[in-house]
Amino acid sequence: MVKVVEAREGEALDIELDLNLQKKNLELAEANRRLLEKYGIRAIDFMGSVGSGKTSLIERLVGKLKGKYRIGVIGGDLTTTIDMEILSRHGVQVVQVNTGRECHLDANLVARALQSLPLNSLDLIFIENVGNIICPADFPLGAHRRVAVVSVIDSPYIIVKHPLTFQAVDVVALNKVDLAEIVGVNVAKLEEELKKINPKLSIVKTSCKTGLGVDQLIEVLNL
Ligand code: MG
Ligand code: ZN
């Protein structure tokens, strides 16, 4: 048996769990949603660890959808513009949000990013959150759908260690499935764990290398 110190509700000294902040964030997220709807824009929030494949998956989606929609991308990152430089090569409108030390995007930062996009000439916005599978889930941004991107080769415990994230999202992309067999990962087990945590989840197995699952992801996102 391992001794466990369990954090009680409100006990952790964590500014992100401050209820006033979360309430403020929700109000701003609601305002973002209204703004997006005024312009007839749908927005999708992608969260996942660094290296899970968020940028690559968005690249794949942009490749398939840019003939159908006018697409914008908001990218969250601590300091770099690497991801948005990659995506801007696909001829979509991009805006980088550099958060400095903030490990997630929040609704206020997204509101500012929306101000710098030509909303009149967009139909769809992909939001790439800061590379982090934990706290982005606590900060709704006003997006219509939330997608968690998980690299199946990250850790066999990636799902069971992040229950709150998988309860907060609508869709999970189990990414890099082309590598699962090589590394000996049991993807079916990850799927079972996800269903147990959130039976309402849409789960899609994807590979940005082969393009597997990208059409299915488009379908579950109703795009
Ligand atoms: Mg990225
Ligand atoms: Zn954070």
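1. Let's start in the middle of the sheet: A148 has V172 in β6 as its bridge partner. Helices (H or I, at least four residues) and strands (E, at least two) are DSSP runs numbered from the N terminus. β5 and β6 run parallel and share 5 bridges; strands count as paired if DSSP finds at least two bridges between them.

2. A word on the ground rules. This is a predicted model, in which local features need pLDDT of at least 70 and side-chain atom pairs count only at pLDDT 80 or more, while totals for chains, interfaces and linings use all residues. Residues are numbered from 1 along each chain as its sequence is written, chains are lettered from A and ligands numbered from 1 in the order in which they are written, and side-chain values use heavy atoms, with hydrogens and water left out.

3. Strand β5 (residues 145-151) is largely enclosed by the rest of the structure, because 6 of its 7 residues are buried. Here buried means under 20% relative accessible area, exposed means over 50%, and partly exposed is in between (1.4 Å probe, protein chains only). β5 also pairs with β1 (residues 42-47), again in parallel, through 4 bridges. Within that pairing, F46 is matched with V147 of β5.

4. Now the whole sheet. It is open, has 7 strands in the order β3-β2-β4-β1-β5-β6-β7, and the pairing is parallel. At the edges sit β3 (93-98) and β7 (202-205), each of which pairs on one side only. On average, neighbouring strands are turned by 20° against each other, direction ignored. For the angles, axes are lines fitted to C-alpha atoms (for helices, over the stretch in contact), and values run from 0 to 180 degrees between N-to-C directions.

5. Elsewhere in the sheet, β2 (residues 71-77) and β4 (residues 124-128) run parallel and are joined by 5 bridges. If you want a spot to click on, G72 stands opposite I125 in β4. Helix α7 (residues 187-197) packs on the sheet, touching β6 (171-175) and β7, and its direction makes about 165° with that of β7. Contact here means heavy atoms within 4.5 Å.

6. How many salt bridges does the structure hold? There are 8, each being a side-chain nitrogen of Lys or Arg within 4 Å of a carboxyl oxygen of Asp or Glu. One of them joins R145 and D170, at 3.8 Å from N to O. This pair links distant parts of the chain, with R145 in β5 and D170 in the loop between α5 (163-168) and β6, 25 residues apart. D170 is partly exposed, at 29% relative accessible area.

7. Helix α7 carries salt bridges of its own. E193 and K189 meet at 3.1 Å, N to O; they are 4 residues apart in the helix, so about one helical turn separates them. E193 counts as buried at 13% relative accessibility, whereas K189 is partly exposed at 42%. E192 and K195 also form a salt bridge, with their closest N and O atoms 4.0 Å apart. Those two are 3 residues apart in α7, which again means a separation of about one helical turn. E192 is partly exposed at 48%, and K195 is partly exposed at 42%.

8. Have a look at the surface around helix α6 (residues 180-183), which contains I182 and V183. I182 is exposed, with a relative accessible area of 69%, and V183 is partly exposed at 48%. Together with I153 they form a nonpolar surface patch of about 280 Å² accessible area. I182 and I153 are 29 residues apart in sequence, and their C-alpha atoms are 9.6 Å apart. Patches are made of residues with over 30% relative accessible area and no salt bridge: like charges are joined within 9 Å, nonpolar side chains (Val, Leu, Ile, Met, Phe, Trp, Tyr) within 5 Å. The areas come from the Shrake-Rupley method with a 1.4 Å probe, and for residues only the protein chains shown count as cover.

9. Finally, some backbone angles to check. Most residues other than glycine have a negative phi. K176 is not a glycine, yet its phi is positive, about 65°. K176 lies in the loop between β6 and α6 and is partly exposed at 23% relative accessibility. N222, also not a glycine, has a positive phi of about 55°. N222 sits in the segment after α8 (214-220) and is exposed, at 53% relative accessible area.
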